[in-house]
Amino acid sequence: MNYGFIIGSVQQSLIYHILAVIAGWFSRQWQRSPIIGWFLRQPGREDRSRESIFYRLFCLLHRLLNKLCCFLHLDRITEHSVFRKPVLWAGLALAAAPAAPTMGVLALVLVTVCSLALTFGCDGERKLVFFPVNKYVYCFAFVYLVSAFTSVTPAASLKVSAMFCAFSLFFILLTNSVTTYKQLKVLSGILVFAGVAVALYGILQFLNPSGLRIGAWVDEDMFSIGFRVYSTLENPNVLGEYFLLVIPLCVGFLFSAKTWFQRIIWAGCFGIMMLCMVLTYSRGCWLGICLAAAIFMVMYDRRFILVGVAVLIAAPFVLPDSIMARLTSIGDMSDSSTSYRVSIWMGSIAMLREFWFCGVGPGQAAFNKLYGTYAYGAASASHAHNLFLQIMADTGICGLVLIVVIVFSAVRTLATAVQNETCRENRMFQTAGIAALAGFMVQSMFDYTFYNYRVMFMFWGFLGIYLLFTKLHREEAGA
């Protein structure tokens, strides 16, 4: 079949030209919009940040560390040692997170803290990496720490708050550990291959499910699904949330590849992870990856809007019945999973009407202590099954506002970088970052995506990875 002739005929058709004119008009209005113009004017430049209390505290700590390291001669003793390579420890923590135990990941984070502190102490000229989102991340960690002391179960909440503080501040550790564009690309590649390994293990589970949790997480009265894979992350929804972060990174490599061999490798990685994502049968994650794909492709080329419309029309005729049944069940209250979540949301909202300011405190113990009083339809739950409701339950309105502002600020930084980027390769990764955040937030509407500490940790780590693509290449090109 002559596909070139077909494509050429479509492009010369009257309908195509009409659609192209309409799309072009909307594109120009979008670009001229004062709201979009404001969004892409990134405030809070680095020179202004030097006046903040966070930067002054850092400078004080930096001077003290530098004096201590000089006094102990650590700058000479540890020169060229592995102890002064924080990128190694930060990268190891992030790459191992899908398979390592939570406490093992925390141990690697603490090693990264020590390595980075030693690196700053031995280098008095080293500067703290700036992103507009930094101050909000500090505030988010601080709010979680304070919330432990206002909790209805302070002792139990303090442990949860400590984990949230350590893992959210890993964003700061990572962005200060990765110092070159080469390091960033290598670490990103390792993360993709780690995702492929996790996906392969999940596919093996599907092919040989004996001894595994068959039929778990499925309403067997509505669906004929025998098994949902969960790989190393213990839950299919959690596994899907991980793929929402790593698959866009793989797409960034695929679209920035310079040779066909590279394209084949990254396309294979993408296909393996997407297959495992499908086998999770996680509807929220499917919606998330579809939105991520739509955002990436439209930002890559607006003409893909037409392709998207064609895909939506063709989907019911080409997708397997099991997948279509899962997709069409979204919003169906006869599905026990859907009705269960809606009941929990209503109970959580009823509880937050009284505890909206400070929340009830971080963690399952605090939530369980009060939720039962407000439970709707006698639905029991250990969390709110919604990231935003749960953060508000943990910390009150301050935490909710901060997580929204963090996502907004990160997307704004990435979108501004895409607008001004001259390097096509870099632009692909920046676009992938926007897509990943959008997809993850869609799933966060249907599940508490920070419930699994490792996924919460990876969210902050991947946020750092994507934002570093807005800085390192530009800095090295300007050097």
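Which helices do the buried residues of α11 pack against? In this predicted model, local features need pLDDT of at least 70, side-chain atom pairs count only at pLDDT 80 or more, and totals for chains, interfaces and linings use all residues. Residues are numbered from 1 along each chain as its sequence is written, and side-chain values use heavy atoms, without hydrogens or water.

Helix α11 spans residues 170-177 (helices are DSSP runs of H or I, at least four residues, numbered from the N terminus). Eight of its eight residues are buried (under 20% relative accessible area, 1.4 Å probe, protein chains only). They include F170, F171, I172 and L173. The buried residues of α11 pack against α7 (86-96), α8 (102-122), α9, α10 (154-168), α12 (181-207) and α23 (453-468), with contact meaning heavy atoms within 4.5 Å.

Helix α9 (residues 134-149) also pairs with α20 (residues 387-395). Their axes come within 8 Å and cross at roughly 55 degrees. The axes are lines fitted to C-alpha atoms over the stretch in contact, and angles run from 0 to 180 degrees between N-to-C directions. The α9 helix is therefore oblique to α20 (outside under 35, 65 to 115 and over 145 degrees). F140, V143, Y144 and S147 in α9 meet I391, D394 and T395 in α20.

Helices α13 (residues 236-256) and α14 (residues 260-279) pack at about 165 degrees, with axes 9 Å apart. This makes α13 roughly antiparallel to α14 (over 145 degrees). Among the residues in contact are F243, I247 and L254 of α13, and W266, F270 and M273 of α14.

Notes. Helices (H or I, at least four residues) and strands (E, at least two) are DSSP runs, numbered from the N terminus. Buried means under 20% relative accessible area, exposed over 50%, partly exposed in between (1.4 Å probe, protein chains only).
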